[in-house]
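Here are my notes on the model, set out as numbered points for someone who will look at the coordinates alongside them. The order runs from confidence and overall form to individual residues.

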Amino acid sequence: MVGIFVPGVVLLFGVTAVAGSGVLGPWTTLAVGFVGAVIGDALSYWIGRYLHDDVRRLGPFARHPQWIDNGERFFERHGGKSIFLGRFVGPIRPFIPMVAGMLDMSWRRFLFTNLISALVWAPAYLLPGYLLGASLRLEADAMTRLLQLAGGALLGGWMALWLLRQAHLWLSPGGGGYAWV
């Protein structure tokens, strides 16, 4: 639930960039992130499990009942996999574990999905910041090459997306290619 008030992605990026500058090793950073993610979602689950619908009367949820409603709809639509998906979708991330507890998802099923999703989440969210922090320690030449490579990759990716979009428009009904084909 802390994710409601703190911009988690920005905070994690900054903390892992500092860790990558030599404060922590990569495995320690990943392990701490993994354990923190598992514990945070487990606490949220148990709050939902213990309080059930009383959660709706708590501070921000009383003022914004749609937060819980959106989480419930997402959970009902996706079931157990919503725990995995919710970890990666910002607007619902803080609510899904609590909603799982409120809707009486079994602890064993929640824990299994929580562990798997945290195992995937930790590298995906922590390594970019860590690698940036580690790259700041590189010599100027290596840093320049790294930035050029990253810039080229971003430009190439943008160009590929633009070309795919143009092809899609061309082949869509009403496009020149659609009539031609």
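1. Confidence. This is a predicted model, and the protein averages a pLDDT of 82, with 92% of the residues scoring at least 70. Among the elements, helix 2 (residues 26-51) has the highest mean pLDDT, at 91, whereas the lowest, 74, belongs to helix 9 (residues 176-180).

2. Secondary structure. The protein has 9 helices and 0 strands, so that a reading from the N terminus gives α-α-α-α-α-α-α-α-α.

3. Overall dimensions. The radius of gyration of the protein is 21 Å, where a compact globule of 181 residues would have one near 16 Å. Taken along the principal axes, the box that the C-alpha atoms fill is roughly 55 × 55 × 30 Å.

4. Burial, surface and contacts. Of the 181 residues in the protein, 31% are buried, and the exposed area is about 11300 Å², of which carbon and sulfur atoms supply 71%. When contacts between residues at least 6 apart in sequence are considered, 73% of them join residues at least 24 apart.

5. Aromatic pairs. The rule that ring centres must lie within 6.5 Å gives a count of 9 aromatic pairs in this model. In one of them, F84 and F88, the ring centres are 5.5 Å apart and the planes stand at 45°, which is why the pair is classed as tilted. F84 is partly exposed at 28% relative accessibility, and F88 is also partly exposed, with a relative accessible area of 27%. W121 and Y125 form a pair whose centres lie 5.5 Å apart, but here the planes are at 25°, and the pair is therefore stacked. Both W121 and Y125 belong to helix 7 (residues 107-135), where they are 4 residues apart, about one turn of the helix. With a relative accessible area of 9%, W121 falls under the 20% limit and so counts as buried. Elsewhere in the list, ring pairs link Y45, W46, W107 and F110 into a cluster.

6. The surroundings of R87. Is R87, which sits in the loop between helix 5 (81-86) and helix 6 (96-102), buried or exposed? Its relative accessible area is 4%, and R87 is therefore buried. The side chains of R87 and D41 are joined by a polar contact of 3.0 Å. Not counting residues up to four places away in sequence, R87 touches A37, D41, R93, N114, S117, A118, W121 and Y125; this list includes W121 and Y125, the two residues of the stacked pair described above.

7. The surroundings of S106. A second loop residue, S106, lies between helix 6 and helix 7, and at 37% relative accessibility S106 counts as partly exposed. Which residues does S106 contact once its neighbours within four places in sequence are left aside? They are Y45 and R49, and Y45 is also one of the residues in the aromatic cluster with W46, W107 and F110. The C-alpha atoms of S106 and G80 are 9.8 Å apart in space, while the two residues are 26 apart in sequence.

Key
Residues are numbered from 1 along each chain as its sequence is written. This is a predicted model: local features need pLDDT of at least 70, side-chain atom pairs count only at pLDDT 80 or more; totals for chains, interfaces and linings use all residues. Side-chain values use heavy atoms; hydrogens and water are left out. Rings of Phe, Tyr and Trp (its six-membered ring) pair if their centres lie within 6.5 Å; planes under 30 degrees apart count as stacked, over 60 as edge-to-face and the rest as tilted. Buried means under 20% relative accessible area, exposed over 50%, partly exposed in between (1.4 Å probe, protein chains only). Helices (H or I, at least four residues) and strands (E, at least two) are DSSP runs, numbered from the N terminus. pLDDT is the predictor's confidence in each residue, from 0 to 100. A polar contact is a pair of N or O atoms within 3.5 Å; within protein, one must be able to donate a hydrogen and the other to accept it, and residues adjacent in sequence count only if both atoms are side-chain atoms. Contact means heavy atoms within 4.5 Å. The radius of gyration is taken over C-alpha atoms; the globule rule is 2.2 Å times the number of residues to the power 0.38. Accessible areas come from the Shrake-Rupley method with a 1.4 Å probe; for residues, only the protein chains shown count as cover.
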